[in-house]
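Please open the structure in your viewer and keep the selection tool at hand. The stops below are to be visited in order.

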Amino acid sequence: MEHLIKLNQKNLAEVAKNISCPTYDRSKVKAGIVHVGIGGFHRAHEAFYTDQLLHDSGNKDWGICGVALLDFDTKIYNTLKEQDGLYTLVIKELDGTLTRRVIGSIVECLYAPENPMQVIEKMASPDIKIITLTITEGGYNYNEATEAFDFDNPQIQYDLEHTYAPKTIFGYLTQALKHRQQNDLAVTIQSCDNIKGNGDLAKRMLMSYVEKAEPELMPWIEANVSFPNSMVDRITPATSPVDISNLNASTGIDDAWPVVCEPFHQWVIEDEFKAGRPAWETVGARFVEDVDPFEKMKLTLLNAGHTVLGVLGALRGCSTIDEAVHNKDIRAFLKLYMDLEVTPTLSDLDGVDLDKYKETLLHRFGNIYMKDQIDRICSESSAKFPIFVLPTVNAQLTHDKHVDFAALVVAAWAIYSLGKDENQQDLIIKDVMHDALAKQALLAKDNPAVFLELESIFGKLKTSETFVNAFTKAYKAISENGIEHSVISWNKSALKHG
Ligand code: CS2
């Protein structure tokens with residue numbers, strides 16, 4: 001291949017000849033935000049909004065300092081460091097057009113395992129007004145069975161003993177807040193994860209930890225730290241080697257880790273910022289008093305929709321979400337699930353056109369250029385089911401309503417957890433609960449309901465006779481007749497009974 005231009009600050013003027021680049025002076029941008037978890041989603045979402053804002057406004061106080069928290073994050077940290085925080089965002093339009101732009105809002109990067117104190121000091125610095133998080137659904141250390149913070153987690157135990165060299169977000173935040181208290185520096189901690197009441201949960205989990213680690217800090221946090229809830233949305237598949245080589249070949253730019261995403265993006269945030277905030281509303285974010293209806297809609301329709309397509313598609317042998325949603329029976333199943341089981345639980349959403357939202361979702365899932373990996377969607381399902389799918393089941397059960405579709409999805413997941421698709425191909429299962437899931441899935445072969453005994457996932461669901469029966473029926477149908485046949489039969493029976 002001919003000579004490529006390395007993407008970095010020094011080459012930016014050169015790079016700008018081929019691709020749209022930041023036109024603001026990055027050397028003048030100061031980090032006002034620390035963001036923990038610099039994966040694809042953050043770079044397609046908050047960093048994208050913030051980059052737009054840096055373009056549009058003269059205010060240069062809101063750059064981002066990206067923190068890589070885990071050992072696992074070494075690669076992204078090294079890449080961003082080599083590229084001075086710059087990366088290309090490749091937006092895959094529905095007609096296959098690629099819109100590309102270099103994002104410049106991440107102006108500093110820190111690698112926590114290498115220098116934990118540096119991260120604590122940065123989080124405590126007076127320049128920092130907001131600490132945002134994308135630490136994944138599982139990162140909040142919440143146990144569904146006990147409905148509380150999980151102190152049995154060995155990493156939490158470690159942090160309690162290693163105050164200045166922690167491993168988890170809770171250890172870091174606690175020390176940073178202790179420093180902030182000494183200097184009387186209020187701050188906002190903003191979760192950007194897919195969790196209902198994400199700010200409330202972040203606060204509750206952090207406070208549980210602080211109560212044990214630094215109890216005298218609690219009143220100060222109560223008065224000086226805010227935790228706005230927010231709904232975040234932009235489908236961001238994992239970047240594939242083909243995405244990288246296409247970008248490099250068509251632009252002549254050597255970007256080691258671009259981010260690919262859909263055109264749609266949404267951000268709805270509660271306006272509770274203790275130390276000021278960027279004017280994100282000027283670049284499309286929406287500030288509201290109560291984010292709950294938006295979150296509920298997004299988690300139970302979009303994220304759960306992904307889970308439905310992911311699990312059914314995986315068993316069927318599909319590898320991408322668009323492939324699954326273009327299977328007419330799976331698509332019909334998803335529509336019925338949304339209409340019959342989710343929509344009745346969303347009756348309190350004022351001013352939202354749910355039909356339109358559901359229609360838009362099918363288009364977004366169907367974008368054939370995205371190639372969103374089913375492996376990505378099914379990863380960490382043990383953390384996703386309790387947030388995306390099971391609240392719908394519990395709400396429906398409370399009103400004695402239809403749960404057959406959700407039961408089939410959970411049953412498909414139990415069979416998926418055996419590790420093979422219907423063509424006997426190995427499934428790549430990435431889940432912190434992998435071993436427990438595999439063990440329970442094996443036991444469930446003889447007695448399906450045993451799968452529901454995974455209490456940290458299913459809570460008390462195993463005590464619902466209606467759900468256990470629906471699940472067992474679905475499990476047997478899939479085992480005996482296969483996923484496609486079962487999906488068709490569920491669709492038919494729902495249509496027949498209206
Ligand atoms: C997905 C989300 O991880 C998942 O299961 O549903 O990553 C989804 O793509 C985003 O939340 C879209 O906003």
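Select Val36 and Leu133 in this predicted model: Leu133, in β7, is the bridge partner of Val36. Next, extend the selection to the strands around this pair. Strand β2 covers residues 31-36 and strand β7 covers residues 130-133; the two pair in the parallel sense over 4 bridges. In general, the strands of a sheet pair through backbone hydrogen bonds, in either a parallel or an antiparallel arrangement.

Now display the whole sheet. It is open, has 6 strands with parallel pairing, and follows the order β6-β3-β2-β7-β10-β11. Which strands stand at the edges? They are β6 (106-111) and β11 (225-226); each has a single partner strand, so one side of each is left without a neighbour in the sheet.

Add helix α7, residues 169-182, which packs on the sheet. This helix touches β2, β7, β10 (187-191) and β11, and its direction makes about 165 degrees with that of β10.

The next stop is the nonpolar interior. The largest nonpolar core has 119 residues, and those with the most contacts inside it are Met123, Phe365, Phe451, Phe458 and Phe467. Select helix α17 (residues 404-416) to see the largest share of this core, 12 residues. Both domain 1 (5-288) and domain 2 (292-496) supply the core with at least three residues each.

Centre the view on Phe458. Apart from its neighbours within four places in sequence, Phe458 is in contact with Leu390, Val410, Trp413, Phe451 and Leu452.

Finally, select Tyr49, Ala68, Tyr77 and Cys109, which are included in a second, separate core of 32 residues.

Terms used:
Residues are numbered from 1 along each chain as its sequence is written. This is a predicted model: local features need pLDDT of at least 70, side-chain atom pairs count only at pLDDT 80 or more; totals for chains, interfaces and linings use all residues. Side-chain values use heavy atoms; hydrogens and water are left out. Two strands pair if DSSP finds at least two bridges between them. Contact means heavy atoms within 4.5 Å. Axes are lines fitted to C-alpha atoms, for helices over the stretch in contact, and angles run from 0 to 180 degrees between N-to-C directions. A nonpolar core is a set of buried Ala, Val, Leu, Ile, Met, Phe, Trp, Tyr and Cys residues joined through side-chain atoms within 4.5 Å. Buried means under 20% relative accessible area, exposed over 50%, partly exposed in between (1.4 Å probe, protein chains only). Domain bounds come from an automatic or database domain assignment.
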